[in-house]
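Work through the exercises below with the model open in front of you. Try each task before you read its solution.

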Amino acid sequence: MKNKTILAVGAHPDDMDFGASGTLAKLAKEGWEAYLIICTDGSRGSDDPKMTHQRLVKIRREEQEASGKILGLKKIFFFNHTDTQLVADLILKKEIVRIIRKVKPSIVISMDPTFYYSQDRGFVNHTDHRAAGLAAMDACFPLCRDRLTFQELEKDGLTPHRVEELWMVSFDKVDRLVDISKNIEQKIKALSMHVSQFADFKQVKKRVLERARILGEKKGFKFAENFVRLKLP
Ligand SMILES: [Zn+2]
């Protein structure tokens with residue numbers, strides 16, 4: 001890899017903590033610079049009748065910052081689009097391209113935009129997850145790579161950059177398993193920082209450990225995270 005830099009793109013605070021925090025912590029420990037983008041403000045994720053949008057945005061940002069410290073992230077970029085209303089339009093794609101050209105990652109991690117629903121598990125993949133995944137995919141290829149795309153960014157010193165690999169968090173397709181056995185505690189601790197999101201964190205922890213264990217079994221790891229890996233031209 002040219003640059004030991006990785007950038008994760010999530011829709012909400014906690015998305016990447018569920019999907020990729022073990023991998024981010026692992027690479028950070030190995031000396032990589034790890035960055036995170038959160039596309040929305042997370043302002044809809046609460047059932048508390050006394051909660052307001054404004055207060056929740058602040059709380060969730062602080063929770064994500066606390067989690068990022070545990071994982072060893074270098075910086076978190078908050079785009080603050082309204083939760084549940086994220087669209088993979090040129091505004092969002094350009095925002096992601098701006099960060100890619102700034103931090104120059106070799107690997108970008110995001111969600112799988114082709115994952116709409118699971119009949120087996122009985123759920124729809126959140127619209128913001130699909131939008132963030134699609135915008136990140138398009139930003140990686142071809143938008144951040146071509147000089148004549150968003151050429152106006154050049155005046156800020158943001159020149160084209162080639163992302164080498166796109167890793168997508170996938171629920172169903174098992175492709176690239178990352179051994180996170182030594183990082184599972186960091187993952188659980190990072191997740192636990194999202195206090196506003198969990199009425200019963202013990203259950204969440206149990207579910208996350210179980211999933212990481214089942215994924216790990218396939219390769220003889222104690223715990224793993226799973227991605228679909230695309231090598232980009
Ligand atoms: Zn989410």
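**Exercise 1.** Find the residues in contact with alanine 25, leaving aside its neighbours within four places in sequence.

Solution. Start with the test: two residues are in contact if their C-beta atoms, placed from the backbone, lie within 7 Å. Apply it to alanine 25. The contacts are Leu71, Gly72, Asn183, Gln186 and Lys187. Now place the residue: alanine 25 sits in helix α2. Helices here are DSSP runs of H or I with at least four residues, strands are runs of E with at least two, and both are numbered from the N terminus.

Two notes on the source. This is a predicted model, where local features need pLDDT of at least 70, side-chain atom pairs count only at pLDDT 80 or more, and totals for chains, interfaces and linings use all residues. Residues are numbered from 1 along each chain as its sequence is written.

**Exercise 2.** Decide whether alanine 25 is buried or exposed.

Solution. Recall the cut-offs: buried needs 20 or more other C-beta atoms within 10 Å of the residue's own, exposed means 12 or fewer, and partly exposed lies in between; C-beta atoms are placed from the backbone. Alanine 25 has 24 C-beta neighbours inside 10 Å, so it counts as buried.

**Exercise 3.** List the buried residues of helix α6 (residues 184-192) and say which helices they pack against.

Solution. First, the list: Ile184, Gln186, Lys187, Ile188, Ala190 and Leu191 are buried. Next, the partners. These buried residues pack against α1 (15-19), α2 (21-29), α3 (53-71) and α7 (201-217).

**Exercise 4.** Describe how α3 and α6 pack.

Solution. Take the axes first. They are lines fitted to C-alpha atoms, for helices over the stretch in contact, and angles run from 0 to 180 degrees between N-to-C directions. The α3 and α6 axes are 8 Å apart, at an angle of about 165°. That makes α3 roughly antiparallel to α6. The classes are: under 35 degrees roughly parallel, over 145 roughly antiparallel, 65 to 115 roughly perpendicular, and the rest oblique. Then find the residues: Ser67, Ile70 and Leu71 in α3 meet Gln186, Lys189 and Ala190 in α6. They divide into 3 nonpolar, 2 polar and 1 charged. Here Ala, Val, Leu, Ile, Met, Phe, Trp, Tyr, Cys and Pro count as nonpolar, Asp, Glu, Lys and Arg as charged, and the others, Gly among them, as polar.

**Exercise 5.** Do the same analysis for helix α4 (residues 90-103) and helix α5 (residues 127-143).

Solution. Their axes come within 9 Å and cross at roughly 60°. That makes α4 oblique to α5. On the α4 side, the contact uses Leu92, Lys93, Ile96, Val97 and Ile100. On the α5 side, it uses Ala135, Ala136, Asp138, Ala139 and Leu143. The count is 8 nonpolar, no polar and 2 charged.

**Exercise 6.** Give the strand order of the sheet and trace the pairing of β4.

Solution. Two strands pair if DSSP finds at least two bridges between them. The 7 strands form an open, mixed sheet in the order β3-β2-β1-β4-β7-β9-β8. Its edge strands, β3 (75-81) and β8 (176-179), each pair on one side only. Now turn to β4. Strand β4 (residues 107-111) is parallel to strand β7 (residues 165-169), over 5 bridges. β1 and β4 also run parallel, joined by 3 bridges. Follow isoleucine 109: alanine 8 stands opposite it, and its bridge partner in β7 is tryptophan 167. Last, check burial: 5 of the 5 residues of β4 are buried, so β4 is largely enclosed by the rest of the structure.
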